[in-house]
Amino acid sequence: MIGKLEKLLPGVCKDVPLAPHTTFQIGGKARYFFVAKSSRDILKAAGAAKKLRISFFILGEGSNVLISDQGFNGLVIKILNTKYQILNTRLYAEAGVSFPAIVLAAGKKGLAGLEWAGGLPGTVGGAVRGNAGAFGGEVKDSLVSVECVDEKGGIRKLSNKECQFSYRSSIFKHKKWIVLSAVFQLKKGNKKLIEEAAQDHIRYRKERHPLEFPNAGSIFKNCDLKLIPLKLQDFVKPAVKVDPFPVVPTAFLVHQAGLKGLRQGGAQVSEKHPNYMVNLGGARAKDVRTLIEKVKRAIKKRFSVNLEEEIEFL
Ligand SMILES: Cc1cc2nc3c(=O)[nH]c(=O)nc-3n(C[C@H](O)[C@H](O)[C@H](O)COP(=O)(O)OP(=O)(O)OC[C@H]3O[C@@H](n4cnc5c(N)ncnc54)[C@H](O)[C@@H]3O)c2cc1C
């Protein structure tokens, strides 16, 4: 098979460890691995996988995934098309551009709209697909359009509305379409204030999040206040925040349930931010998954709340 794949996709590699391609530093090997440095490469790789009936997985910076210890018996397409451009107040970025890079670039030009993302890791493609958000902002707030590849290999251009953004979701997630690039509309503003706002968020994350350990950000989505049982509404009230709608931070529930510091093998519910799990060293995906199940069960038992994972499993 590798011979056929190499013919269609020169540069494809075999048996590549995936852990170094994730912020969790966890996961087995990819049977096949290809670095796509342009949108053409992405199309070529997805086309080759389809032709040879190999399943494929799109990998950005790996900051929102937990890859299994067995790895992936297919083709991992690592997105590394990294061109971006700012014209007046419009920012055009390919999917493989790092989000921190565009936050920085927008700030330098005195363009507002992405400050909320100060310290958000990952690529533009990953952020668009998951409608990433923080500090009251979300990708959808400034996004104009997205160029993507559909399941048949056709290129489509979608408006903001057509992307069907919702809390940590979009049409790209539902339909497994591949983001090639995105256009953002920014606003002229005060350069100093914009840069300071982004820096404040970076500082906040450094102080409050366990960035000293490999992790994948928040494990669970926050909980919609409407889904919290009536008898608990007073109890959760002090913790409620509007981001992007009234939610109870999952970190609050995990903390109240006494689960901070819970360990399984090399994985631990963070002491610093209980909606994070950290890799203390040598954690396996199995450890993290067991920990996730333990936390879900405990939260269900204590608060009758069903936690929903934010991270993706492979
Ligand atoms: C320390 C830390 C803090 C974080 N804080 C936040 C936060 O505040 N808010 C937030 O929303 N998230 C947060 N995250 C999660 C993560 O940073 C975001 O979800 C990010 O947008 C994921 O981008 P990525 O390139 O790393 O995607 P990956 O982890 O590589 O992939 C995630 C999913 O997106 C898919 N994908 C990736 N690229 C594409 C593409 N081009 N087209 C289609 N699908 C694609 C993958 O197949 C996978 O299913 C945090 C993570 C960490 C480690």
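This report describes the overall build of a predicted protein model and then three of its local regions.

**Overall build**

The protein contains nine helices and 22 strands. Its radius of gyration is 20 Å, close to the 20 Å that the globule rule gives for 314 residues, so the protein is as compact as a globular protein of that length. Along the principal axes, the C-alpha atoms fill a box of roughly 60 × 50 × 35 Å.

Of the 314 residues, 52% are buried. Among contacts with a separation of 6 or more, 62% are between residues 24 or more positions apart. The exposed surface amounts to about 15400 Å², of which carbon and sulfur atoms supply 52%. The protein carries 51 positive and 28 negative charges, and the mean positions of the two sets are 4 Å apart.

**The N-terminal residue**

Met 1 lies in the segment before α1, the helix of residues 2-8. Beyond its neighbours within four places in sequence, Met 1 is in contact with Tyr 32, Leu 52 and Ile 54. Cys 148 is 147 residues from Met 1 in sequence, and the C-alpha atoms of the two residues are 28 Å apart in space.

**The β6–β7 hairpin and helix α3**

Strands β6 and β7 run antiparallel and are joined by four bridges. One of the pairings links Gln 85 to its bridge partner in β7, Tyr 92. Two residues stand between the strands of this hairpin, where Asn 88 takes a positive phi near 55°. A positive phi is also found just after α3, at Gly 110, with a value of about 70°.

The residue ranges of several elements in this part of the model are set out below.

| Element | Residues |
|---|---|
| β6 | 84-87 |
| β7 | 90-94 |
| α3 | 99-108 |
| β8 | 111-112 |
| α4 | 124-129 |
| β13 | 178-185 |
| α6 | 191-208 |

In helix α3, the buried residues are Phe 99, Ile 102, Val 103, Ala 105, Ala 106 and Gly 107. An α-helix has 3.6 residues a turn, so residues three or four places apart point the same way. Within the buried set of α3, Phe 99, Ile 102 and Val 103 can be read with this spacing in mind, as can Ala 106. The cover over the buried residues of α3 includes both strands of the hairpin, β6 and β7. Strands β8 and β13 also take part in this cover, together with helices α4 and α6.

Methods:
Residues are numbered from 1 along each chain as its sequence is written. This is a predicted model: local features need pLDDT of at least 70, side-chain atom pairs count only at pLDDT 80 or more; totals for chains, interfaces and linings use all residues. Side-chain values use heavy atoms; hydrogens and water are left out. The radius of gyration is taken over C-alpha atoms; the globule rule is 2.2 Å times the number of residues to the power 0.38. Buried means under 20% relative accessible area, exposed over 50%, partly exposed in between (1.4 Å probe, protein chains only). Contact means heavy atoms within 4.5 Å. Accessible areas come from the Shrake-Rupley method with a 1.4 Å probe; for residues, only the protein chains shown count as cover. Lys and Arg count as positive and Asp and Glu as negative; His and the chain ends are not counted. The place of a charge is taken as NZ of Lys, CZ of Arg, CG of Asp or CD of Glu. Two strands pair if DSSP finds at least two bridges between them.
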